[in-house]
Amino acid sequence: MNTITRRQALGTSAGALAALGLTAAAATAAAGTEPASAAAVGTARTVDEVYQGRRIQITPGAGGHHGGHHSPGMPSVRIDGRELHVMRNADGSWISVINHYETYADPTSLARAAVRDLQGAALVPFGGAA
């Protein structure tokens with residue numbers, strides 16, 4: 001008797017899901033619209049505001065994070081002049097080193113949440129160097 005193994009079932013399911021994802025992406029591209037995550041790439045805008053007594057500055061596309069090894073489209077996010085390391089998830093949401101467990105729709109809401117989470121503490125440079 002020829003039975004399918006769990007590994008074969010998972011492999012077949014993963015392949016089918018990947019094919020469905022590619023088909024959906026192709027259909028979206030053919031329709032002339034962009035997927036939400038691709039359209040959200042340009043959501044970073046220039047921001048210079050004071051939020052809860054802290055200065056937030058966001059410059060889109062600066063790409064200067066840690067020697068420029070991030071993609072050129074990454075915004076530079078600063079709190080009181082110190083860089084906040086931010087990352088973009090595959091679904092278009094944003095996270096920071098302050099809180100990896102909660103995602104945000106844009107860098108501005110992420111920076112405001114970081115200010116709340118810092119509770120007045122200074123932002124330490126990424127890597128712990130003072």
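Leaving aside neighbours within four places in sequence, Glu49 contacts Arg54, Arg55, Ile56, Thr108 and Arg112 in the predicted model. Glu49 is a residue of strand 1. The side chain of Glu49 is joined to that of Arg112 by a polar contact of 2.8 Å.

Ile56, one of the residues in contact with Glu49, has a contact list of its own. When residues up to four places away in sequence are not counted, Ile56 touches Val47, Asp48, Glu49 and Tyr51, together with Arg78, Ala111, Arg112 and Val115. Arg112 is thus listed among the contacts of Glu49 and among those of Ile56.

Ile56 also belongs to the largest nonpolar core, which comprises 18 residues. The members that touch the most other members of this core are Ile56, Ile58, Val77, Ile79, Leu84, Val86 and Leu110. Two or more residues are given to the core by each of strand 1 (47-51), strand 2 (54-59), strand 3 (76-79) and helix 3 (107-118). Of the contributing elements, helix 3 provides the most, with six residues.

At the level of the whole chain, the protein contains three helices and six strands. Along the sequence, these elements follow the pattern α-α-β-β-β-β-β-β-α. Of the 130 residues in the protein, 27% are buried. Among contacts between residues at least 6 apart in sequence, 38% join residues at least 24 apart. The protein exposes about 8300 Å², and 57% of this area is supplied by carbon and sulfur atoms.

Notes. Residues are numbered from 1 along each chain as its sequence is written. This is a predicted model: local features need pLDDT of at least 70, side-chain atom pairs count only at pLDDT 80 or more; totals for chains, interfaces and linings use all residues. Side-chain values use heavy atoms; hydrogens and water are left out. A nonpolar core is a set of buried Ala, Val, Leu, Ile, Met, Phe, Trp, Tyr and Cys residues joined through side-chain atoms within 4.5 Å. Buried means under 20% relative accessible area, exposed over 50%, partly exposed in between (1.4 Å probe, protein chains only). Helices (H or I, at least four residues) and strands (E, at least two) are DSSP runs, numbered from the N terminus. Contact means heavy atoms within 4.5 Å. A polar contact is a pair of N or O atoms within 3.5 Å; within protein, one must be able to donate a hydrogen and the other to accept it, and residues adjacent in sequence count only if both atoms are side-chain atoms. Accessible areas come from the Shrake-Rupley method with a 1.4 Å probe; for residues, only the protein chains shown count as cover.
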